[in-house]
Amino acid sequence: MSKLIADTEIEIPLETFPIHKDTDPAQRNEWKQPHRIILILIGLALVGSAIFFLRWDWLPNYGDLILQGLWRTIWILCVTVFLGFLLAVPLGLAQAAGPAILAIPARWFCTIIRGTPLLLQLWLLYYGLGSLFPQYPWIRGSELWPYLRQAWPYAVLALTLSYAGYEGEVMRGAFAGVPKGQLEAARAFGMRRFTILRRIWLPQAIHRALPTLAGEAVLQLKSTPLVATITVVDLYSVASRVRQDTFITYEPLLLLAAGYLVITGIIVFLFRRLERLVPSRLG
Amino acid sequence: MTVSDAVSTDPLQPQSAEQAEAIHVWNLHKRFGALEVLKGVSMTARDGDVVALIGGSGSGKSTFLRCINFLENPTSGVIRINGEDIEMVSDGAGGQYPANRRQIERIRSRLGMVFQNFNLWQHMTLLQNVIEVPVHVLGMKRDEAIAIGEQLLERVGLSAKRDVYPAYLSGGQQQRGAIARALAIQPRVMLFDEPTSALDPELVGEVLKVIGDLAKEGRTMLLVTHEMKFAREVASHVMYLHNGIVEEEGPPEELFGSPKSERLKQFIRTVS
């Protein structure tokens with residue numbers, strides 16, 4: 001079998017696109033191999049026994065809350081990853097190619113964010129900044145006040161800054177890693193600096209950074225439970241609620257783990273799709 | 001107009017009106033720190049000229065080419081392209097840089113540069129590479145650019161590869177693609193910076209053939225090359241650079257047939 005696969009690989013001409021695992025017929029059937037089938041059966045047996053032998057009678061009462069928590073976790077994740085990345089691009093660019101007046105603050109920002117616990121940042125923003133605001137009448141009177149008195153803006157801000165800090169560093173490396181010749185060719189043809197950034201530099205940097213960004217998005221997902229500490233009801237805090245109400249500990253946590261696993265799977269899948277938009281043999 | 005101290009004594013001013021000047025360089029100096037790479041190089045290329053720059057490594061020939069589209073800023077000297085003087089300002093540290101970035105960008109977009117390492121944009125297919133500058137620099141309509149791009153790819157024999165990414169092309173194919181990309185801007189002058197030096201020997205021929213065809217159709221070209229035989233065939237004028245000065249120059253038959261300077265004689269012996 002392995003001999004066969006090796007032979008077919010040799011016949012692929014260099015010029016064609018790489019054949020991905022899911023489109024290669026020889027590899028698509030791999031999961032039908034005996035040991036895999038046994039593993040799948042064991043997995044199903046575990047899930048089945050969890051369903052039959054553990055208590056799930058509380059589930060219907062918390063269905064709505066779980067969906068709400070799930071939704072909140074997902075949108076906080078998406079919004080903070082998106083906004084964080086938008087901040088990371090200038091942070092990375094400033095460090096990779098900016099003048100010192102931009103590069104130094106950007107490096108400080110990334111160092112501070114990466115050097116302190118996210119929980120600390122979250123609490124500094126919520127309990128620190130959030131408790132300062134009400135002292136100022138003009139803030140209390142402003143149109144932003146209805147938002148500033150809630151917890152979620154602080155959660156979104158803290159998670160966005162955190163993602164920006166980590167990804168700023170990733171993007172710095174990605175910008176610096178684009179071969180000089182790629183940019184020189186753009187300059188040689190009279191491209192303006194912003195056009196070079198938009199058409200050549202940024203796309204290649206993002207493509208280089210994508211695998212890392214995917215990993216960081218997964219880490220970001222697993223940072224979201226921290227928002228429960230500032231009263232934002234996400235997926236994780238639903239599990240706590242169930243435990244407090246019913247003294248059932250294990251089952252909600254199992255469900256929680258499954259939930260995070262599924263979201264992680266979706267993130268990884270989406271990033272793979274993105275990576276494939278351009279074949280991966282860059283420079 | 002220019003910073004150079006000697007514009008008025010420029011001996012290479014156009015004397016006749018036979019062909020318009022495409023590139024005119026006078027007394028070009030380039031210094032990297034303490035190292036003076038170019039020590040006063042002058043050159044005029046009229047429309048239809050094929051000027052070959054030859055010389056050993058470190059002779060300054062690539063630097064000279066890169067100064068012409070300001071990938072390197074010359075330390076001093078006059079550069080006039082399409083009859084347009086490039087204004088330079090002093091950087092206060094003995095060097096100078098273009099006063100007007102837009103002017104440089106405009107001039108660059110008329111010079112088709114071909115690099116030693118191809119430098120096709122890796123995240124774009126071949127056709128996307130070819131239409132990139134026409135669409136995003138010259139403001140050409142996409143459909144029009146694609147039509148021209150397809151013609152150019154056909155000319156360099158790469159029609160079948162239009163939707164392939166550079167990483168999946170051989171060096172020779174990439175370089176021919178890079179030539180199509182340079183042609184797509186309808187350049188006044190093509191600049192070749194050692195276009196075959198990074199190629200496997202068996203791929204050199206296909207690239208030289210494309211360049212030779214361009215020369216035959218009367219395209220203005222500046223060619224830095226190590227291929228002496230090829231330079232002799234296609235060039236209308238050959239310049240031999242040594243240690244940053246033009247040691248000898250003239251028509252190829254003269255230069256290769258009866259070299260005057262001892263260094264050139266020795267150079268021709270060692271490379272052929």
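# Helices, sheets and a buried valine

In helix α4(A), Tyr62(A), Leu65(A), Ile66(A), Gly69(A), Leu70(A) and Thr73(A) meet Leu235(A), Val238(A), Arg241(A), Val242(A), Asp245(A) and Thr246(A) of helix α12(A). To "meet" is to be in contact, with heavy atoms within 4.5 Å.

Before you start: this is a predicted model, where local features need pLDDT of at least 70 and side-chain atom pairs count only at pLDDT 80 or more, while totals for chains, interfaces and linings use all residues. Residues are numbered from 1 along each chain as its sequence is written, chains are lettered from A and ligands numbered from 1 in the order in which they are written, and side-chain values use heavy atoms, with hydrogens and water left out.

## Exercise 1: two helices

What angle do the axes of α4(A) and α12(A) make where they cross?

**Solution.**
- Step 1: Two packed helices are described by the angle and the distance between their axes. An axis here is a line fitted to C-alpha atoms, for helices over the stretch in contact, and angles run from 0 to 180 degrees between N-to-C directions.
- Step 2: Find α4 at residues 59–97 and α12 at residues 235–246 of chain A; their axes come within 7 Å and cross at roughly 155°.
- Step 3: That angle makes α4(A) roughly antiparallel to α12(A). The cut-offs: under 35 degrees is roughly parallel, over 145 roughly antiparallel, 65 to 115 roughly perpendicular, and the rest oblique.
- Step 4: Sort the contact of α4(A) with α12(A) by class, and you get seven nonpolar, three polar and two charged residues. Here Ala, Val, Leu, Ile, Met, Phe, Trp, Tyr, Cys and Pro are nonpolar, Asp, Glu, Lys and Arg are charged, and the others, Gly among them, are polar.

## Exercise 2: chain A as a whole

How many helices and strands are there in chain A?

**Solution.**
- Step 1: Know what to count: helices (H or I, at least four residues) and strands (E, at least two) are DSSP runs, numbered from the N terminus.
- Step 2: Chain A has 13 helices and zero strands.
- Step 3: Of its 283 residues, 37% are buried. Buried means under 20% relative accessible area, exposed over 50%, and partly exposed in between (1.4 Å probe, protein chains only).
- Step 4: Take the chain A contacts with a separation of 6 or more: 77% of them link residues 24 or more positions apart.

## Exercise 3: a sheet in chain B

In what order do the strands of the six-stranded open sheet in chain B stand?

**Solution.**
- Step 1: Two strands pair if DSSP finds at least two bridges between them.
- Step 2: The order is β8-β9-β10-β3-β11-β12, with mixed pairing. At the edges are β8 (111–114) and β12 of chain B, each paired on one side only.
- Step 3: Check the pairs. Four bridges join β8(B) to β9 (residues 189–193) in parallel, and Met113(B) has Leu191(B) as its bridge partner.
- Step 4: β3 (residues 50–54) and β11 (residues 237–242) of chain B are also parallel, with four bridges; Ile54(B) partners Tyr240(B).
- Step 5: β11(B) and β12 (residues 245–250) run antiparallel with five bridges. They form a hairpin with two residues between them, and Asn243(B) in the turn has a positive phi of about 50°.
- Step 6: Add the helices. α6 (residues 201–216) of chain B lies across β3, β9 and β10 (221–224), at about 145° to β10(B). α9 (residues 262–271) of chain B lies across β3, β11 and β12, at about 100° to β11(B).

## Exercise 4: one residue in that sheet

Is Val51(B) buried or exposed?

**Solution.**
- Step 1: Val51(B) sits in strand β3 of chain B.
- Step 2: Its relative accessibility is 1%, so Val51(B) counts as buried.
- Step 3: Leave aside neighbours within four places in sequence, and its contacts are Met43(B), Ala45(B), Met221(B), Leu222(B), Leu223(B), His237(B) and Met239(B).
- Step 4: Val234(B) is 183 residues away along the chain, yet the two C-alpha atoms are 8.9 Å apart.

## Exercise 5: cysteines

How many disulfides are there over all chains?

**Solution.**
- Step 1: A disulfide is a covalent bond between the sulfur atoms of two cysteines. The test is a pair of cysteine sulfur atoms within 2.5 Å.
- Step 2: By this rule, the count is zero over all chains.
- Step 3: Look at two cysteines anyway: Cys110(A) is buried at 0% relative accessible area, and Cys67(B) is buried at 0%.
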